[in-house]
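Work through the exercises below with the model open. Each task is followed by its solution in steps.

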Amino acid sequence: CDRSAELIIGLLGILKAGGAYVPLDAEYPPERLAFMLEDSVPKRLLTHSALRERLPASAVPQLVLDDSEAALAAYPDHNPDVRAHGASSRQLIYMIYTSGSTGTPKGVMVEHRSVVNLWLSLEREVFAGLAKTARVGLNASITFDSSVKSLTQLLSGRTLVIFPQAVRQDSAALLAHLREHHVEAFDCTPAQLEMLLGAGFASGGEAGVKTVLIGGEAISLSLWERLRKIDGVEFHNVYGPTECTVDATACA
């Protein structure tokens, strides 16, 4: 799906039904998408009508979120009984594929209990200074596990602000987006943060932003020293392989 409210609705619907989600990026080469669909063996494929033509041929039944009103009308409008489904913390919550840069991509399967552990740790170590009404940005791609850190903020009752794809690729637009939507915390890579700083982020005290999570690649010593001189914003350098449920270490 596109980066939209329907994307989050789809994820929550999958989890409420007792399933695990496997995120697919429509921009991936058809060969990679075909491999992921064959390897993960999903029961359903949730998508948007505008993206269907980008998907490889597959026997997986599709549910088109923006063109399924009649089909959805047949379903109950109440939440399913998780106990009746036999749900537990040991069930899968997602399966996210590695980049495959060293060979064939592999799907990393993560359980609910691991994500809850991540959420509780982030709440204690990173987001403790944020109000329960704070707005947290979703910057990372949904196909990367760093997005899970932002998604878990829904468990805390916070608002999720989805950064549009075009905004993510334009530092000036991203800075304006942060200010317009009063974002108090967001995630980014060191390279993206350097571009944001060049566009004027934190140049005179960034109104609203209190917490920034930096990960995805190594951070240079010069950038870290630059961040240490910025008042009013906490920067957290986080690291962890996909197999470790997003982050294993954090340094502020």
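**Exercise 1.** Which residues gather in a patch of negative charge on the surface?

*Solution.* The model is predicted, so local features need pLDDT of at least 70 and side-chain atom pairs count only at pLDDT 80 or more, while totals for chains, interfaces and linings use all residues. Residues are numbered from 1 along each chain as its sequence is written, and side-chain values use heavy atoms, with hydrogens and water left out.

Step 1. Patches take residues with over 30% relative accessible area and no salt bridge, and like charges are joined within 9 Å. Asp and Glu count as negative, each charge being placed at CG of Asp or CD of Glu. Areas follow the Shrake-Rupley method with a 1.4 Å probe.

Step 2. The residues of the negative patch are Asp2, Glu6, Asp66 and Asp67.

Step 3. Locate one of them: aspartate 67 sits in the loop between β2 (62–64) and α3 (69–72). Helices (H or I, at least four residues) and strands (E, at least two) are DSSP runs numbered from the N terminus. Aspartate 67 counts as exposed because its relative accessibility is 57%, where exposed means over 50%, buried under 20%, and partly exposed in between.

**Exercise 2.** Describe the salt bridges of aspartate 247 and arginine 228.

*Solution.* Step 1. Apply the rule: a side-chain nitrogen of Lys or Arg lies within 4 Å of a carboxyl oxygen of Asp or Glu. The count is 10 salt bridges.

Step 2. Aspartate 247 pairs with lysine 149, with 3.2 Å between the closest N and O atoms. This pair links distant parts of the chain, 98 residues apart: aspartate 247 is in the loop between β9 (234–239) and β10 (249–251), and lysine 149 is in helix α5 (residues 147–151). Both aspartate 247 and lysine 149 are buried.

Step 3. Arginine 228 meets glutamate 225 at 3.9 Å, N to O. About one helical turn separates these two residues, because they are three residues apart in helix α9 (residues 221–228). Arginine 228 is exposed at 58% relative accessibility, whereas glutamate 225 is partly exposed at 37%.

**Exercise 3.** How many helices and strands does the chain have, and why is the chain called as compact as a globular protein of its length?

*Solution.* Step 1. There are nine helices and 10 strands.

Step 2. The radius of gyration is 19 Å, close to the 18 Å from the globule rule for 252 residues, so the chain is as compact as a globular protein of that length. The radius is taken over C-alpha atoms, and the rule is 2.2 Å times the number of residues to the power 0.38.

Step 3. Buried residues make up 41% of the 252 residues.

Terms used
Patch = residues over 30% accessible without salt bridge, like charges linked within 9 Å, V, L, I, M, F, W, Y side chains within 5 Å. Buried < 20%, exposed > 50% of the residue type's maximum accessible area, 1.4 Å probe, protein only.
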